[in-house]
Amino acid sequence: MKKLLTTALLLSAAAIAVPAHAQFAKAEDAVQYRQSAFRVLGHHFGRLGAMANGKMPYNAATAAADGDVIAAVAKLPGTGFVPGSETGHDTRALPALWKELPKVKELNDKMVAETGKLAVAAKSGNLDQLKAAFGPAAQTCKACHDDFRKK
């Protein structure tokens, strides 16, 4: 039942993501939306990373659930980068992000692809597959952070 509820919530979030940019009444709403998505990603990605790096015991069920969340939520933050949300808000997005939105979209597309592969590996029940997929997925996050996020 818990897995069914999680899946239903993820599918609902994904369905909402496409028109989400039109739903932001204020720029601050867009900032909060993307930051919330990044927090969820960070939480679940962190647990997979801890398992992949031996800092947390490997748990196949937890890994599979975290992989599903990551694959779904990775599609969400991009819709929160809307005009007007670049300044005057509590955001760590660098000014360069707004000048290079096509590159940001390309990096986001890579993140979505790699987190999808990570989800498949996480569901495999094989720690070695999780480890192999984790590095490339982490690199997609790092690539965007390196160029477009304040430290």
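This section describes the fold, surface, aromatic pairs, cysteines and largest pocket of a predicted model.

The protein contains six helices and zero strands. Along the sequence, the elements follow the pattern α-α-α-α-α-α. Of the 151 residues, 35% count as buried. The surface exposed by the protein amounts to about 8,600 Å², and carbon and sulfur atoms supply 62% of that area. When contacts between residues at least 6 apart in sequence are taken together, 75% join residues at least 24 apart.

With ring centres required to lie within 6.5 Å, the count of aromatic pairs comes to four. One of these is formed by phenylalanine 24 and tyrosine 33, in an edge-to-face arrangement. The two ring centres lie 5.2 Å apart, and the angle between the planes is 65°. This pair is classed as edge-to-face because its 65° angle is over the limit of 60 degrees. The two residues fall on either side of the burial cut-off, which is set at 20% relative accessible area. Phenylalanine 24, with a relative accessible area of 18%, is buried, whereas tyrosine 33, with 21%, is partly exposed. Aromatic residues also form a cluster, made up of Phe38, Phe81 and Trp98.

Zero disulfides were found in a search of the whole structure. A disulfide is a covalent bond between the sulfur atoms of two cysteines. The cut-off applied here is a sulfur-to-sulfur distance within 2.5 Å. For cysteine 141, the closest cysteine sulfur is that of cysteine 144, at 8.7 Å, so the distance is too great for a bond. The reverse also holds: the cysteine sulfur closest to that of cysteine 144 belongs to cysteine 141, at 8.7 Å, and is too far away for a bond. As for solvent exposure, cysteine 141 counts as partly exposed, at 21% relative accessibility.

The largest pocket holds about 940 Å³ of space. Its lining consists of 34 residues, of which Arg34, Phe38, Pro77, Phe81 and His145 are the closest to the pocket centre. Two or more lining residues come from each of the helices α2 (27-52), α5 (101-123) and α6 (127-148). Phe38 and Phe81, listed among the residues closest to the centre of this pocket, are also members of the aromatic cluster that includes Trp98.

Methods:
Residues are numbered from 1 along each chain as its sequence is written. This is a predicted model: local features need pLDDT of at least 70, side-chain atom pairs count only at pLDDT 80 or more; totals for chains, interfaces and linings use all residues. Side-chain values use heavy atoms; hydrogens and water are left out. Helices (H or I, at least four residues) and strands (E, at least two) are DSSP runs, numbered from the N terminus. Buried means under 20% relative accessible area, exposed over 50%, partly exposed in between (1.4 Å probe, protein chains only). Contact means heavy atoms within 4.5 Å. Accessible areas come from the Shrake-Rupley method with a 1.4 Å probe; for residues, only the protein chains shown count as cover. Rings of Phe, Tyr and Trp (its six-membered ring) pair if their centres lie within 6.5 Å; planes under 30 degrees apart count as stacked, over 60 as edge-to-face and the rest as tilted. On a 1 Å grid over the protein atoms alone, a cavity is a set of points where a 1.4 Å probe fits but cannot get out, and a pocket is an open set with protein on both sides within 12 Å along at least five of seven lines; lining residues have an atom within 4 Å of a point. Grid points are joined across faces, edges and corners, and a volume is the space filled by probe spheres set on the points.
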